[in-house]
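This report covers strand pairing, charged pairs, burial and surface patches in a single chain. The sequence and the structure come first.

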Amino acid sequence: MLKQSEPTSSTLQLVASDMTGIMERLDTHELDLDDGEYDTTDIAAPGEHLPFKAVYHTVGFKEPEARVFLSSPITAKILEVERFTSAQDRFYITSQRSINKSLPAVYKIEMRHGEFTWLVKRKEKHFIDLHKELRTYKTFMKLPLPTRSHTVKRQTRNEERQMPVLPRGGEEELNREGQVSSRRKQLEDYLNNLLKMPMYRNYHATVEFIDASQLSFIHDLGPKGFGGVLYDGDTGKLHLLFPSREGMVLKRSGGHRIPGLNCCGHSRMCYRWSKRWLVVKDSFLLYMKPDSGAISFVMLVDKEFGIKMDSKDTEVKHGVRVDSLSRSLVLKCSSYRHARWWGQSIEGFIQKHGSAFLTDHRFGSFAREEQNIPAKWYVNGKTYMEDVANALEEAKEEIFITDWWLSPEIFLKRPVVEGNRWRLDCILRRKAVSRKHSKLRS
């Protein structure tokens, strides 16, 4: 019996191209006319707290194994609709509003998920683009492709295909306050209904739409975004927000200040642009490769950290330059608004959460003096090694070892009265066996 051959990438491309005509004839606002019950639980979702070791198990953004969300629900609320007279006014406090059709409204959306709260900004076209992407995904899932993985997906997701309707509307209708409020409510309901359905919530386009990634909800990795206070006109309350500063950007190669890392020099002809997912945290920023999920580079905040957004500094029309002692990283954005949003977000976040690393400290140290921290004085190495052994025994996720010269046969507790129990290699072996998913790094 001949084995059935797997479809090649060229075959899938032909199928996708044949679907283009079908997609254009479908209604761009509706995926399904019937209403259905929305799933509010996701059995395959991870626990309430993602462990720190998840940073070592990231996969490609489009892979179904990508674990992003907690088990708690996600909610969205549109707090404000921004309409300004010019692009520059979006970044300065003004009371002047506009009905200029050339400047589409920007919806300021508050997202809540577990202990995390952050802010995203989206235009009407972003909602439409997401809806089209999910419509294509739904149609693709209906195709009976002769692969086992695709068949399993179709069987497991057969009952989740009811799709919330994206109501018709557009920028041309938002010329009165009542119409703006109505459209705001429509889009808010659409997004909340979408996020209740695991099939569409876990799709990579939806995850990117709400500025989330596999590193977003790891508690020990720091807050998701920078802090701020926003006034909600409906309730009259002040909201403490952590606007998300994650998202896809174009990163320019080079810029390293360490000799040997710039292979092609500093000529413009040597530059290349790569698509990367940028993540900003309290004392560092990093970017990931979307195709593999690998963390490519980590930039630490230091005394030379700074943000430049002028075209003379970035050498691109809509760019942001992030400087530090180790690198000058240049990012290219899609628009003036996008570049300013990134630059001001990173700068405001670092000034609030990473200010301790921006100045010199005693003895030229990068770290400031701290008060009331757990510390202990040691007279010799005996009690120190005993405490190290006890700490290794209590490790729950990760053991990280750095040393000039490490001997795995060293006994951490002396005199030796329990055989090899407190020998370093035996401790590490015991921890690896007792916790199969533990991470040992040196």
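## Strands E1, E2 and E3

In strand E3, Lys121 is the bridge partner of Lys108. The model is a predicted one. Lys108 belongs to strand E2 and is in turn the bridge partner of Glu80 there. Strand E2, residues 106-113, pairs with strand E3, residues 116-123, in the antiparallel sense over 8 bridges. On the other side of the pairing list, strand E1 (residues 74-82) is joined to E2 by 8 bridges, and these two strands also run antiparallel.

E2 is mostly covered, with 7 of its 8 residues buried. The hairpin of E2 and E3 has 2 residues between the strands, and in it Gly114 takes a positive phi near 60°.

## A salt-bridge network across the sheet

Which residues are linked with Lys121 in a network of salt bridges? The network consists of Glu80, Glu82, Lys108 and Lys121. Within it, Lys121 forms a salt bridge with Glu82, and the closest N and O atoms are 3.4 Å apart. This pair links distant parts of the chain, since Lys121 lies in strand E3 and Glu82 in strand E1, 39 residues apart.

Are the two partners buried or exposed? Lys121 has a relative accessibility of 11% and therefore counts as buried, the limit being under 20%. Glu82 is buried as well, because its relative accessible area is 5%. Side chains of opposite charge can pair when their charged atoms come close.

## Other salt bridges

The count of salt bridges comes to 19. One of the pairs is Asp189 with Lys185, whose closest N and O atoms are 3.3 Å apart. Both residues are in helix H4 (residues 177-195); they are 4 residues apart, so about one helical turn separates them. An α-helix has 3.6 residues a turn, so residues three or four places apart point the same way. Asp189 counts as partly exposed at 31% relative accessibility, and Lys185 is partly exposed with a relative accessible area of 46%.

A further pair is formed by Glu369 and Arg362, whose side chains meet in a salt bridge at 3.9 Å, N to O. The cut-off is within 4 Å, so this pair qualifies. Glu369 has a relative accessibility of 53% and therefore counts as exposed, for which the limit is over 50%.

## Strand E6 and its neighbours

Strand E6, residues 246-252, is mostly covered: 6 of its 7 residues are buried. E6 is joined by 7 bridges to strand E7 (residues 273-280), and the two run antiparallel. E6 also pairs with strand E12 (residues 328-332) in the antiparallel sense, over 2 bridges.

Lys251 takes part in both pairings. Its bridge partner in E7 is Ser274, and in E12 Lys251 stands opposite Leu331.

## Helix H2

Helix H2 spans residues 124-142 and has 19 residues. From its first C-alpha to its last, H2 reaches 28 Å, which is close to the 27 Å expected at 1.5 Å a residue. The buried residues of H2 include Phe127, Leu130, Leu134 and Met141. Charged residues also appear among them, including Glu124, Arg135 and Lys138.

## A nonpolar surface patch

What residues form the nonpolar patch on the surface? Ile295, Val298 and Leu300 form it, with about 250 Å² of accessible area together. Val298 is located in strand E9, residues 295-300. With a relative accessible area of 41%, Val298 is partly exposed; patch members need over 30%, so Val298 meets that condition.

## Cysteines and a loop residue

A search of the whole structure finds 0 disulfides. Cys333 is buried, with a relative accessible area of 9%. Cys426 also counts as buried, at 14% relative accessibility.

Ile410 lies in the loop between strand E13 (398-400) and helix H10 (424-434). At 26% relative accessibility, Ile410 counts as partly exposed. Ile410 and Trp422 are 12 residues apart along the chain, and their C-alpha atoms are separated by 8.6 Å.

Methods
Residues are numbered from 1 along each chain as its sequence is written. This is a predicted model: local features need pLDDT of at least 70, side-chain atom pairs count only at pLDDT 80 or more; totals for chains, interfaces and linings use all residues. Side-chain values use heavy atoms; hydrogens and water are left out. A disulfide is a pair of cysteine sulfur atoms within 2.5 Å. Buried means under 20% relative accessible area, exposed over 50%, partly exposed in between (1.4 Å probe, protein chains only). Two strands pair if DSSP finds at least two bridges between them. Patches are made of residues with over 30% relative accessible area and no salt bridge: like charges are joined within 9 Å, nonpolar side chains (Val, Leu, Ile, Met, Phe, Trp, Tyr) within 5 Å. Accessible areas come from the Shrake-Rupley method with a 1.4 Å probe; for residues, only the protein chains shown count as cover. The expected span of a helix is 1.5 Å times one less than its number of residues.
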